[in-house]
Amino acid sequence: MSKTINDRLTSGISGLDQILGGGFLPHRSYIVRGGPGSGKTTLGIHFLTAEPDTRSLFVSMGEDDQQLRADAERQGFNLDNVSIVDLSPSSTTPGDSEPYSIMAPEDAEDPGLPAQICEAFERVGPKRVFIDSLTYLKYFSPDAYQYRKQVISLLRFLTSRGATVICTAEQVDASRNAGELGFLADGIVTMSQDDARRFLEVTKFRGSDFSSGKHSIKLGGTGMRCFPRLEPGAHGVDFDQTGMPSGIADLDKQLKGGLTRGTVTIITGPTGVGKTSLGIQFMRTACEQGQRTVVYTFEEMTSTLTSRIEGINIPVTELIASGTFAIEAVEPLHYSADEFAARVRQEVEERGTRIIMIDSLAGYKLSISGDNVTRRLHALCRYLVNMGVTVILLNEVEAITGGDVRTTELGVSYLADTVILLRYMEMEGEIRKTVGVLKKRTGDFEKSLREFDITSDGIKVGKELKGLKGILRGEPEHVVSNEGASE
């Protein structure tokens with residue numbers, strides 16, 4: 001019997017099964033369309049080999065048997081129970097007495113491809129059929145009507161005899177392909193490429209709901225991996241919104257107890273002001289309470305960040321060895337937003353991580369590759385909050401001093417439950433730093449600014465800066481009191 005998941009037939013790709021609500025509906029036909037190199041054949045091989053003990057049929061109209069098996073073996077697929085019917089033009093060599101080649105319909109004799117497919121099906125008796133590709137049938141059809149008639153007859157023949165069928169179709173003009181093939185099958189999966197990124201989108205799925213939109217995919221040495229778009233509403237746990245102190249007494253006074261579990265905090269400020277160090281200070285305190293924390297750094301190597309934080313008296317190496325702290329370096333140009341979200345989900349759901357820090361929003365934006373950064377970041381943060389995870393986002397502003405005070409340049413400040421502002425200021429010929437709290441939804445906070453410093457002994461937060469104005473401009477001035485002035 002075919003392997004089903006809640007009456008579904010697994011695709012062999014866990015991420016695609018999730019998008020399809022568990023897998024393909026059995027005894028139906030599906031079309032996978034896309035341009036060359038988009039991953040259509042790889043998806044089909046995953047489908048055929050998802051159940052090693054089930055007979056499957058691969059109808060190839062573009063590659064020969066030997067090449068297909070060699071390519072599949074290099075990716076780790078086992079085709080022992082897959083029968084391959086080679087109907088490609090290369091199945092007869094140029095020296096054969098009766099070769100055929102794909103030519104214009106008026107110049108070629110119809111080789112009876114649908115009939116050959118049906119004969120192979122009757123001989124093998126497969127439960128899964130993959131036809132690569134339907135486009136070749138079009139070359140031997142006198143007109144569009146006959147082409148559609150042939151395709152409909154073929155798909156109905158196969159599904160009526162208990163098979164689940166996936167066919168590929170070359171896509172050059174998306175709108176034209178939709179018109180020709182869109183109504184023929186029970187489902188359509190569209191593959192596309194954008195620069196170095198590949199995507200998969202389900203645009204039709206009769207008899208079932210599915211996860212809409214484009215989902216990232218990757219092709220590699222082990223076939224295809226699919227990363228569904230994150231839907232935060234489908235995840236959540238019950239948790240207590242307990243306080244999460246920083247371990248720095250004066251900073252905790254500013255925050256009236258610290259951060260709150262299951263909230264989003266943005267630490268914003270110019271380059272070098274101490275955003276990463278401050279974020280890790282919160283994580284250190286959580287680690288000492290036995291909670292696992294992870295920093296995703298888009299800007300630094302793990303060794304560089306470890307060395308730098310060790311230099312301010314935070315025992316990163318010791319925390320990593322204890323399993324409560326981890327640094328994950330992320331190359332944004334190699335990760336899509338969906339793939340990164342899948343990586344974070346694995347950390348949260350399998351390892352029970354309680355604090356996630358993203359360093360920084362600018363690096364995360366690079367991994368979006370033109371998509372809506374607000375929508376993607378919103379989904380990721382809402383998911384983490386629903387799971388009771390405290391989120392720390394680091395945002396770099398361009399202005400060192402002066403100018404308007406902005407939380408972020410990306411318009412995502414609405415996500416933050418807490419905003420901590422770090423700024424430079426010039427005082428008495430020295431460059432100094434300040435820390436202040438702009439926002440805290442979960443409670444009260446101190447409205448004054450304090451001096452902030454990073455030393456070899458750790459982070460120091462000083463007393464409230466009273467009697468000064470212009471601190472946020474970076475040019476503090478003493479406020480002159482008018483008390484006692486003559487009238």
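**Pockets, sheet and helix packing**

The second largest pocket is lined by 16 residues; K40, T41, E63, D132 and E170 lie nearest its centre. The model is a predicted one. About 290 Å³ of space lies in this second largest pocket. Two helices, helix 2 (40–49) and helix 5 (135–139), each supply at least two residues of its lining. By residue class, the lining of the second largest pocket divides into three nonpolar, nine polar and four charged.

The largest pocket holds about 460 Å³ of space. Its lining comprises 23 residues, and S14, C226, F227, P228 and A342 are the closest to the pocket centre. Three elements each supply at least two residues of this lining: helix 1 (14–19), strand 11 (223–227) and helix 12 (337–351). Helix 12 gives the most, with nine residues. The lining of the largest pocket divides into nine nonpolar, six polar and eight charged residues.

Strand pairing was examined next. Strands of a sheet pair through backbone hydrogen bonds, either parallel or antiparallel. In this model, nine strands form an open sheet with mixed pairing. The strand order is 16-15-17-18-14-19-20-21-22. Strand 16 (325–329) and strand 22 (458–464) are the edge strands, and each pairs on one side only. From one strand to the next, the twist averages 25°.

Within this sheet order, strand 15 stands between strand 16 and strand 17. Strand 15 (residues 293–297) and strand 17 (residues 355–359) run parallel and are joined by five bridges. V294 has I356 in strand 17 as its bridge partner. Strand 15 also takes part in a helix contact: helix 10 (residues 302–310) lies across strand 15 and strand 16. Helix 10 runs at about 140° to strand 16.

A helix pair completes the description. The axes of helix 13 (residues 361–368) and helix 14 (residues 373–386) come within 10 Å. They cross at roughly 110°. Helix 13 is therefore roughly perpendicular to helix 14, as the crossing angle falls in the range of 65 to 115 degrees. On the helix 13 side, the contact involves L361, Y364, K365 and I368. These residues meet V373, R376, L377 and L380 in helix 14. The contact residues divide into six nonpolar, no polar and two charged.

Technical notes. Residues are numbered from 1 along each chain as its sequence is written. This is a predicted model: local features need pLDDT of at least 70, side-chain atom pairs count only at pLDDT 80 or more; totals for chains, interfaces and linings use all residues. Side-chain values use heavy atoms; hydrogens and water are left out. Axes are lines fitted to C-alpha atoms, for helices over the stretch in contact, and angles run from 0 to 180 degrees between N-to-C directions. Helices (H or I, at least four residues) and strands (E, at least two) are DSSP runs, numbered from the N terminus. Angles under 35 degrees count as roughly parallel, over 145 as roughly antiparallel, 65 to 115 as roughly perpendicular and the rest as oblique. Contact means heavy atoms within 4.5 Å. Ala, Val, Leu, Ile, Met, Phe, Trp, Tyr, Cys and Pro count as nonpolar, Asp, Glu, Lys and Arg as charged, and the others, Gly among them, as polar. On a 1 Å grid over the protein atoms alone, a cavity is a set of points where a 1.4 Å probe fits but cannot get out, and a pocket is an open set with protein on both sides within 12 Å along at least five of seven lines; lining residues have an atom within 4 Å of a point. Grid points are joined across faces, edges and corners, and a volume is the space filled by probe spheres set on the points. Two strands pair if DSSP finds at least two bridges between them.
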